[in-house]
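This briefing covers how two chains are arranged, how they meet, and which backbone features stand out.

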Number of protein chains: 2
Amino acid sequence: MAQIRDVSKRAGVSPATVSRAFSDPGKLSKDTLKRVLKAAEELNYKPNSMAQLFRIKRTNAVLVMVPDVANVLFARILSGIERIATEKDYFLLVSDTKDDPEVERAGLEMVETRRADGVIQLGERGLGDLIADPAPGQIPFVQAVETRSAHAYPIVQINNFAAAESMASYLLSLGHRKIGVLAGLQDRYVTSERLRGFRSALDSFGIGFDENLVEYGAYSMAGGAQAALRLLSRNRSLTALFTMSDEMAIGAIRTAQDLGMQLPHDLSVTGFDNIEFGKYCTPPLTTVMQPAERIGEVAMTLMGNLLRGEITGDAEQTLGTELVIRASVRRLT
Amino acid sequence: MAQIRDVSKRAGVSPATVSRAFSDPGKLSKDTLKRVLKAAEELNYKPNSMAQLFRIKRTNAVLVMVPDVANVLFARILSGIERIATEKDYFLLVSDTKDDPEVERAGLEMVETRRADGVIQLGERGLGDLIADPAPGQIPFVQAVETRSAHAYPIVQINNFAAAESMASYLLSLGHRKIGVLAGLQDRYVTSERLRGFRSALDSFGIGFDENLVEYGAYSMAGGAQAALRLLSRNRSLTALFTMSDEMAIGAIRTAQDLGMQLPHDLSVTGFDNIEFGKYCTPPLTTVMQPAERIGEVAMTLMGNLLRGEITGDAEQTLGTELVIRASVRRLT
DNA sequence: GCTTGCAATGAAACCGTTTGTATTGAAATA
DNA sequence: TATTTCAATACAAACGGTTTCATTGCAAGC
């Protein structure tokens, strides 16, 4: 493989000149520039990035820590991140953390060992949850999910409380009173926030909250299906199911139908996220739109700013959500 | 940030010894080793990977080119790749190519500029489709999809022809005779292979192939929904729809139901891929299981072997598929 | 006791760029 | 004409590790 030395020799200039021909062409005379580029072309010269990066002390790479790459929502966020990263000439390193703090810590180490310039965390653990005393600015870190932990770094999130509240209000406004809740994992902050939103809506309508109508489960179709089975076998008089993710909702719908229920007649179901499948499933799912791609885009934009030193500390971007009304909920007469 | 010099000073040894303490601890005396590690610990020394990689001329990173990261099937393959990559201590660079050859070429350049050691291509374009004369071994390349192009590099694939043929035979064996085909993008090799399999099954049953019952579309729910609409409005007497992806099938189911059809009574639908949603949709989808995670695992394993020089040339791994029978197909009486 | 062999360590070259500083030559100025 | 200025380029020193080769000291063998 040709290197800068070879090009410089062929063009009859010094390596420095070749280097500048690429990084700062304006500095060279028209003539030398042409000669250098020609020589580079002829030798098919490609600069060795490792040597470059080593020298300039940046990697132009950002690590994205994804709890589960195969999850559609994360995949969409990742897609948004990718778009902006490409635009800004950053490379993306992707790590599927399985939500394992050890793996996440290993991820942070990648910026300490200078393999990546920064880390975008799609999981719930914040910087402070992973290392003891995060020296501010030491590890450029952006989190793309609402988190409980105090943070001194940028975050992009949605208002889970408000979104859940408005969805619950919608159900209540249609006359539903016995509403089961298919909650996600109990230890997750988003779960508690969405539950809080749900309860707040009940409050507004002057309806008591029944702990017994809540069932927790994994944020997945299987989790939703199982939780729904537990809840529905316990309580057949529910008219609606407030579900904390579309995947759970889809699992719940399957369960309900397997139990012989007619949807939405016998049971209304709502989701959360607005994944594409919700639009096509039967019945099409009423849900909360979460701007996944946008979340990714904003996260990567923040990361770029952070790396360029344009922002510091705890920027906090809250993106809007929207109710998406489809056929899985019926008005109670 | 502490560097090797600092550690060596504190431990009273040379940098070489510190380096060896990590790369080849057995070479050091018990005593020095302890001293060095202690010093490293105290200074919180993390070797600068860029310096290391620059010196050893490897990146331990592999680029994965994904046509669409938000697509569940690719996401699952990626997940499989990730598992093995982590296991073998490789990092993953991910590029969402949007199936754009220019982006793919840029990807290949990453190994020429030594940003990545090799490339795993999830798209259909082979090495020869991207660059003129791929010098053998120059760019470690593994492709994870059946491809038309001649290849001098490892490929992991499924037998699309056989899988499609067996699915079509299944439909035929249940008595279906008027079977519509929702094909994917017409220029894709997998499309033509699956279509060939379908026709082969027809042949075996002595049934003629009707070009008119084929409708092409994007490999997506929207694509399936649209293609189904075109096909069904043209021909209401179909008893089954042979679909080339689960996403298309799900789109088609939506369309059929919107047209007032009762599934599977009025129309049987089959998919291809076995994505998780197929299990939960209504009716649950009969499909061809494609071992997505496994494909990823094998691809990454091959890449590892390739990089270690253990294999060369055109390894070709064909993974098995399986019919997954669910409720979206009924026996014609 | 002297040589030999080997384990442990150090010195220094090297990896391929970038970049600060020095040098050159020609144009502009006095 | 002598001096200054400036653009264009070269020189050489980094960058932070790894690795080759040389050196040292000690135990084993004669």
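A polar contact is a pair of N or O atoms within 3.5 Å; within protein, one must be able to donate a hydrogen and the other to accept it, and residues adjacent in sequence count only if both atoms are side-chain atoms. By that rule, 20 residue pairs are in polar contact between chain B and chain A, both residues at pLDDT 80 or more. This is a predicted model, in which local features need pLDDT of at least 70, side-chain atom pairs count only at pLDDT 80 or more, and totals for chains, interfaces and linings use all residues. Residues are numbered from 1 along each chain as its sequence is written, chains are lettered from A and ligands numbered from 1 in the order in which they are written, and side-chain values use heavy atoms, with hydrogens and water left out.

**Symmetry**
- A turn of 180 degrees and a shift of 0.1 Å along the axis lay chain B on chain A with an RMSD of 0.1 Å (least squares on the C-alpha atoms of residues with pLDDT of at least 70 in both).
- That is the relation of a two-fold axis.
- Leu93(B) comes closest to the rotation axis among the residues of chain B, its C-alpha being at 2.3 Å.

**Interface**
- Chain B and chain A each give 48 residues to the contact (heavy atoms within 4.5 Å).
- The copies meet through the same surface, because 100% of the interface residues of chain B are also interface residues in chain A.
- About 4600 Å² is buried between the chains, 64% of it on carbon and sulfur atoms (accessible area, 1.4 Å probe, that two parts lose on being put together, summed over both).
- Met50(B), Arg115(B) and Tyr280(B) supply 17% of the area that chain B buries against chain A, more than any other three residues.
- Four salt bridges cross the interface (a side-chain nitrogen of Lys or Arg within 4 Å of a carboxyl oxygen of Asp or Glu).
- Lys46(B) forms a salt bridge with Glu109(A), with the closest N and O atoms 3.9 Å apart.

**Backbone**
- Most residues other than glycine have a negative phi, and most peptide bonds are trans.
- Leu263(B) and Pro264(B) are joined by a cis peptide bond, with omega about 0 degrees.
- Another cis peptide bond joins Thr282(B) and Pro283(B), with omega about -5 degrees.
- Asp99(A), not a glycine, has a positive phi of about 60 degrees.
- Asp273(B) also has a positive phi, near 125 degrees.
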